[in-house]
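Biologist: I would like to learn how to read a fold from its coordinates. Where should we begin?

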Amino acid sequence: MELDQKQLAKLVEEAKKNSRKRNFVQAVELFLSFKDLDVKSPENRINELVTLPHGPGKENKVCVIADGDLVTKARSAGADLVITKQEIDQYAGNKKAIKKLAEAYDYFMARTDLMATVGKTFGTVLGPRGKMPEPLPPTANVEALIKKYRNSVRIRIRDQPAVRCRVGSESMPSTDLVDNIMSVLNTVDRKIKLDQHLSKLTVKTTMGAPAKLR
């Protein structure tokens with residue numbers, strides 16, 4: 001697909017103009033709608049992490065579930081929360097506590113050998129929210145992974161032929177937002193040919209009116 005950055009820049013500017021000043025910094029979101037796309041087909045489903053070149057305009061919070069040396073490594077690397085193997089039991093059957101975790105943290109990682117226990121304890125709440133922990137090998141560079149998650153957004157296609165994700169905040173320069181949008185589009189295009197299936201592209205702020213490309 002020929003992606004026209006000038007058109008995207010115009011769209012971002014329009015979305016900003018459509019938005020009244022609020023008492024908080026609004027997110028800028030990207031909406032993609034697809035046509036002639038069978039979402040029941042596994043190859044048309046997407047669940048990808050996209051690292052945005054200019055970040056999402058907020059600091060994503062990362063929770064690490066770990067054991068042994070990985071606990072120390074995660075804390076030293078600046079993880080927002082570290083849940084130890086011993087602390088997992090505290091969440092067993094406590095959906096309210098797990099929901100609070102799901103709301104407070106954007107991404108989860110868990111030591112590889114804890115994944116079965118983590119899935120059993122947290123899966124029913126984190127799974128439907130697309131927040132199941134990524135496996136974390138004991139020798140992984142935790143600091144690099146946390147940095148990646150802080151600058152990433154997850155894009156998903158499940159039951160509806162559409163993608164919705166944050167691409168920044170209204171306080172970011174429009175050129176940076178366009179770069180972030182391009183990263184998302186390029187990722188989607190590697191899975192789904194946008195020139196064949198993209199029917200509408202919309203950019204909007206949290207409370208603003210949408211600006212539509214097509």
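**Charges, shape and one sheet**

Modeller: Begin with charge. The protein chain carries 38 positive and 26 negative side chains. The centres of these two sets lie 5 Å apart. Keep in mind that this is a predicted model.

Biologist: Which elements does the protein chain have, and how many of each?

Modeller: Eight helices and ten strands. The radius of gyration of the protein chain is 19 Å, close to the 17 Å that the globule rule gives for 214 residues, so the chain is as compact as a globular protein of that length.

Biologist: What does the C-alpha trace span along its principal axes?

Modeller: About 50 × 40 × 30 Å.

Biologist: How much of the protein chain counts as buried?

Modeller: Buried means under 20% relative accessible area. By that cut-off, 45% of the 214 residues are buried. The accessible surface comes to about 11,400 Å², and carbon and sulfur atoms hold 46% of it.

Biologist: What share of the contacts links residues 24 or more positions apart?

Modeller: Count contacts with a separation of 6 or more; residues 24 or more positions apart account for 77% of them.

Biologist: Now a sheet. In what order do the four strands of the open sheet run?

Modeller: The order is E8-E1-E9-E10, with antiparallel pairing. An edge strand pairs on one side only; here these are E8 (162–169) and E10 (211–212).

Biologist: How many bridges join E9 to E10?

Modeller: Two, and the strands run antiparallel; E9 covers residues 198–205. To find the register, look at Val203, which stands opposite Ala211 in E10.

Methods:
Residues are numbered from 1 along each chain as its sequence is written. This is a predicted model: local features need pLDDT of at least 70, side-chain atom pairs count only at pLDDT 80 or more; totals for chains, interfaces and linings use all residues. Side-chain values use heavy atoms; hydrogens and water are left out. The radius of gyration is taken over C-alpha atoms; the globule rule is 2.2 Å times the number of residues to the power 0.38. Buried means under 20% relative accessible area, exposed over 50%, partly exposed in between (1.4 Å probe, protein chains only). Contact means heavy atoms within 4.5 Å. Accessible areas come from the Shrake-Rupley method with a 1.4 Å probe; for residues, only the protein chains shown count as cover. Lys and Arg count as positive and Asp and Glu as negative; His and the chain ends are not counted. The place of a charge is taken as NZ of Lys, CZ of Arg, CG of Asp or CD of Glu. Two strands pair if DSSP finds at least two bridges between them.
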